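The following exercises are to be worked through with the sequence and the three-dimensional structure at hand. Each task is followed by a solution in steps.

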Amino acid sequence: MSTIENTPKSNRIHIGFFGPCNAGKSTLINMLTDQEVSLVASVAGTTTDPVSKAMEILPLGPVMITDTAGIDDTSELGALRIKKTKTLLPTINIAVYVVRNDVPISELDIEWIHLLSSHNVPIVLCVNQVDTSLSTDEYLASYPMIKEQVKAIGSANFLEKDQRLALLDMLGHIQPIDGEEETTLLEGIIEAGDTVVLVCPIDSAAPKGRLILPQVQMIREILNKRGLAVVVQTEELAQTLDSLSKEPRLVITDSQAFEEVSQIVPLHIPLTSFSILMARFKGRLKELVKGIHAVKQLQPGSKVLISEGCTHRRQCDDIGTVKIPKWLEKQGYKDLDLHWSSGGHFPEDIETYDLIIHCGACMLTRREVLHRIDISTIHGVPIVNYGILIAELHGILERAISPFCNEL
């Protein structure tokens, strides 16, 4: 399997295709990917739920292309489909808006282009030249405001595959939105030659036959930095530390093992967790650490949302539904009004919560994580990350965030 195919969905640039029914979105995607990704038919509303396909567009690199339902879907389920499409907006890095030149641009088209623009998403307007006698410039002459809101304008007869490379080249040179300046998982923390010990417990919650995504990403990051990654389970940690000829630059543990690992690792060796590093990488660590103040104010009846970015089968010792509630109760936070969300769903009534406890978000794009933090901030709801919360509940938060003290 190629490196491109192995790139996690959360680390890809997400390109969303929008536009009215029968504008040619699905045909365009099939042409660009050179595969039958989306069902194509003359019947309006053929595309229902968003359909995604991974590919590579140079120089952007690995991308996720998503086909969406028509924004003018008037079918029985049309409103639900459009609502689903709107939930994608915080995840999109580039938008391709498709229109056909034998149909005037509608007020609804203008509304959607403005909506995408309001999310600061760079827009490529792609004109389907159904009427080959009408040039794109002639077609858009009456819509100067649209030209001001898009980054690029392309046109093609979507049935002519020889135009595929030109459209791919156009997309490849659009600067995607990421929300803030991109960093790396261990940016400024380790250097070439450093040893990093990764504590990866293999318990009932660990996936069979593989490591979880943050652990794999951390190993790759250490290799990128020309460091040495030493991977152990909690039980072998003490022996491993004693056997090393050179003390590790950093020890990274699964947050669930924080308490035990902190007792094993000498105080002078920096210690943190995968979840805290993910918070730093994808979110705003300083703001998430501030959320601890709200934890200390929790009272019986306080409404708390525990949100996870992925969907998985709950187990008897699930961290979100079992362990975190138990740790909270053990520290005296009893009778809380706990709620849960998972996957792409993030509650619309966010302002009703007193606190949001969010996972490391390894399955979400950085843009979506930043969006969730922004939404929480706008509504005045504190938000904290799993790793930060767990470190606090075990009395080791100061130690766990000390490697980033100059950032807080």
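## Exercise 1: Two loop residues

Asn 120 is found in the loop that runs between helix H4 (107–118) and E5. The structure is a predicted model.

**Task.** Determine the sign of phi at Asn 120, and decide whether Asn 120 is buried or exposed. Then treat Arg 226 in the same manner, stating its loop, its phi and its exposure.

**Solution.**

Step 1. Begin with the general expectation: most residues other than glycine have a negative phi.

Step 2. Asn 120 has a phi near 60°, a positive value in a residue that is not glycine.

Step 3. A residue counts as exposed if its relative accessible area is over 50%. The relative accessible area of Asn 120 is 56%, so Asn 120 is exposed.

Step 4. Arg 226 belongs to the loop between helix H8 (213–224) and strand E8 (228–232). Although Arg 226 is not a glycine, its phi is positive, at about 65°.

Step 5. With a relative accessible area of 68%, Arg 226 is exposed.

## Exercise 2: The sheet of six strands

**Task.** State the order of the strands in the open sheet of 6 strands, and name its edge strands. Which residue of E3 stands opposite Ile 13?

**Solution.**

Step 1. Recall that strands of a sheet pair through backbone hydrogen bonds, either parallel or antiparallel.

Step 2. The 6 strands follow the order E2-E3-E1-E4-E5-E6, and their pairing is mixed.

Step 3. Strand E2 (51–57) and strand E6 (152–156) are the edge strands, since each pairs on one side only.

Step 4. From one strand to the next, the twist averages 25°.

Step 5. Within this sheet, strand E1 (residues 13–18) pairs with strand E3 (residues 61–67) in the parallel sense, over 5 bridges. Opposite Ile 13 stands Val 63 in E3.

Step 6. Helix H2 lies across E1, E2, E3, strand E4 (94–100) and E5, and H2 runs at about 155° to E3.

## Exercise 3: The sheet of four strands

**Task.** Give the strand order of the open sheet of 4 strands. At what angle does H8 run to E7?

**Solution.**

Step 1. The order is E8-E7-E9-E10, with parallel pairing.

Step 2. At the edges are E8 and strand E10 (271–273), each of which pairs on one side only.

Step 3. Neighbouring strands are turned by 25° against each other on average, direction ignored.

Step 4. Strand E7 (residues 195–199) and strand E9 (residues 250–253) are paired in the parallel sense over 4 bridges. Val 196 stands opposite Leu 250 in E9.

Step 5. H8 lies across E7, E8 and E9, at an angle of about 170° to E7.

## Exercise 4: Two cavities

**Task.** How many cavities of 30 Å³ or more are there? For the largest cavity and the second largest cavity, describe the lining by residue class.

**Solution.**

Step 1. Rolling a probe the size of a water molecule over the atoms shows where empty space is left. The count of cavities of 30 Å³ or more is 2.

Step 2. The volume of the largest cavity is about 90 Å³. It is lined by 13 residues, and those closest to its centre are Leu 288, His 358, Cys 359, Val 369 and Asn 385.

Step 3. Helix H11 (274–282), helix H15 (366–378) and strand E14 (383–385) each supply at least two residues of this lining. H15 gives the most, with 3 residues.

Step 4. Sorted by class, the lining of the largest cavity holds 8 nonpolar, 4 polar and 1 charged residues.

Step 5. The second largest cavity contains about 50 Å³ of space. Among its lining residues are Phe 17, Val 96, Cys 126 and Met 170.

Step 6. Helix H2 (25–33), strand E5 (123–128) and helix H7 (164–172) each supply at least two residues of the second lining, and H7 gives the most, with 3 residues.

Step 7. By class, the lining of the second largest cavity has 9 nonpolar, no polar and no charged residues.

## Exercise 5: A helix in its surroundings

**Task.** How many residues of H11 are buried?

**Solution.**

Step 1. A residue counts as buried if its relative accessible area is under 20%.

Step 2. The buried residues of H11 include Phe 274, Arg 280 and Lys 282.

Step 3. In total, 9 of the 9 residues of H11 are buried, so H11 is largely enclosed by the rest of the structure.

Terms used
Residues are numbered from 1 along each chain as its sequence is written. This is a predicted model: local features need pLDDT of at least 70, side-chain atom pairs count only at pLDDT 80 or more; totals for chains, interfaces and linings use all residues. Side-chain values use heavy atoms; hydrogens and water are left out. On a 1 Å grid over the protein atoms alone, a cavity is a set of points where a 1.4 Å probe fits but cannot get out, and a pocket is an open set with protein on both sides within 12 Å along at least five of seven lines; lining residues have an atom within 4 Å of a point. Grid points are joined across faces, edges and corners, and a volume is the space filled by probe spheres set on the points. Ala, Val, Leu, Ile, Met, Phe, Trp, Tyr, Cys and Pro count as nonpolar, Asp, Glu, Lys and Arg as charged, and the others, Gly among them, as polar. Two strands pair if DSSP finds at least two bridges between them. Axes are lines fitted to C-alpha atoms, for helices over the stretch in contact, and angles run from 0 to 180 degrees between N-to-C directions. Contact means heavy atoms within 4.5 Å. Buried means under 20% relative accessible area, exposed over 50%, partly exposed in between (1.4 Å probe, protein chains only).
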